[in-house]
Amino acid sequence: MNPVVTISGGGIIGNYISSRLSKNNIESLIIERSKSQNVINENIRTLTLNSFSKKLLDDLGIKVPFAPIKEISVFDGDGSGSIHFSSKEINEENLSYVVFFNDLQEKLQDHRDHQVFFENQIEEIFQDNENNCSELKLSNQEKIKTKFIAGCDGRNSNVAKIAKLNEKKSSYNQTAITFTASCEIKDEYLAHQIFSDKGIFAIMPLPENDDKSTHTIVWSVDNENLRDIEIKDYVKNNISYFEQKLSTKIDINSSILTFKLFSHHFENYISGHVVLVGDAAHSIHPLAGQGINLGFADADALCEEIISSYEKSMHIDQALTLKRYEIRRKNMNLLMLKSMDFFVNLFGSKNLYIKLLRNFGLSGVNKAQFLKKFFINHAAGKNKL
Ligand SMILES: Cc1cc2nc3c(=O)[nH]c(=O)nc-3n(C[C@H](O)[C@H](O)[C@H](O)COP(=O)(O)OP(=O)(O)OC[C@H]3O[C@@H](n4cnc5c(N)ncnc54)[C@H](O)[C@@H]3O)c2cc1C
């Protein structure tokens, strides 16, 4: 088989790209390392989609149960600074949409009408300039010819390694802890985020939740604080701090999942016919819930460029098509990554002057309408090239 686009990685971004191309009659093939469709475990991990990502899914007819967030209250647990974001400030119905990771993955898998090779991966890539394509050797020894190779294979991208792309990697020295819990938050459309030396604590509503008291919690903690203690004990010992701040009891009602947090970004997203998309190209701290949204914006730009090249000519100039994608996405992603690193460093600091500055900063931003609008528009995915 000779698909136009071969996608390494059948996660959310890989599946989205394949469905979008298929809608435009462009054939693709997914090569997925894992065994088969994801086994759906307990619904714990959530993602917050911005309006732009949700629209991309709506356009493909993919409906995922969601909980809307209309307001976000961000405050510094150790001080008095706070900032309040509301969807009304940007004339949107909602700021973002909380979905279960499993639900989104499952809906995308159900929707796809393209082929997936499971338990397989790309081993070698040979660029065949004479025939304007690349030949791939897979781990099952099969060979395929393709025009584009999209690396959607996550943080340790295999395709990026084969293409010898240069990565800049650093650790946040933090672990994200996530679980669901029952608590009484008065407004069902309100999310809270608290910055403190016990970690960055976000609490949000859950989708399709008749029992409005169940929420999702994403809590990032310095690894230093977790060095001599079991994670479940750290949670048990420290949750009362956030109960006090939110004036509610928080009862954990799921297993606790953990993720080590890293930041990475590639100097170049493209090499020959290879292109990196989503977490393969960059990863970011989950504090602003932007990882998958950057991935969807990448996927949209790449699909637009490939589709447009196909509409113009049957002779595809891969280098030009991919360069346009890289120009559209690299600096936007870098800006978001740098902003998140700035926030993590600012709120991680124990320095008194920096504490004062951040309290002043949060309250100052709250008062400066143009700055607030900049932040909300960015988070809502409205600043698009
Ligand atoms: C705790 C936490 C909370 C988060 N919350 C949010 C949030 O609220 N909002 C948000 O926008 N983002 C959030 N994120 C980030 C988001 O989860 C990621 O950005 C997103 O899942 C990346 O999707 P992806 O498809 O690019 O990569 P992945 O989800 O990593 O998928 C990669 C796929 O490639 C496959 N694969 C790997 N290696 C190979 C190989 N060699 N060959 C073939 N296949 C391979 C994998 O099996 C997988 O199927 C969060 C992340 C964490 C850790």
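## Where α1 meets α6

In this predicted model, Ile-12, Ile-13, Tyr-16, Ile-17, Arg-20 and Leu-21 of α1 touch a set of α6 residues that includes Ile-292, Gly-295, Phe-296, Ala-299 and Asp-300 (contact means heavy atoms within 4.5 Å). By class, 12 nonpolar, 1 polar and 3 charged residues make up this contact; Ala, Val, Leu, Ile, Met, Phe, Trp, Tyr, Cys and Pro count as nonpolar, Asp, Glu, Lys and Arg as charged, and the others, Gly among them, as polar.

The axes of α1 (residues 12-23) and α6 (residues 291-312) come within 10 Å and cross at roughly 30°. That makes α1 roughly parallel to α6 (angles under 35 degrees count as roughly parallel). Axes here are lines fitted to C-alpha atoms, for helices over the stretch in contact, with angles from 0 to 180 degrees between N-to-C directions.

## The sheet and its helix

Three strands form an open sheet, ordered β3-β7-β4 with antiparallel pairing (a pair needs at least two DSSP bridges; helices are H or I runs of at least four residues, strands E runs of at least two). At the edges sit β3 (46-49) and β4 (67-69), each pairing on one side only. Neighbouring strands are turned by 30° against each other on average, direction ignored.

Between β4 and β7 (residues 96-100) there are 3 bridges, and Pro-68 faces Tyr-97 of β7. Helix α3 (residues 101-111) packs on this sheet, touching β3 and β7, and its direction makes about 80° with that of β7.

## Ground rules

Numbering starts from 1 along each chain as its sequence is written, and side-chain values use heavy atoms, leaving out hydrogens and water. Local features need pLDDT of at least 70 and side-chain atom pairs count only at pLDDT 80 or more, while totals for chains, interfaces and linings use all residues.

Methods: Angles under 35 degrees count as roughly parallel, over 145 as roughly antiparallel, 65 to 115 as roughly perpendicular and the rest as oblique.
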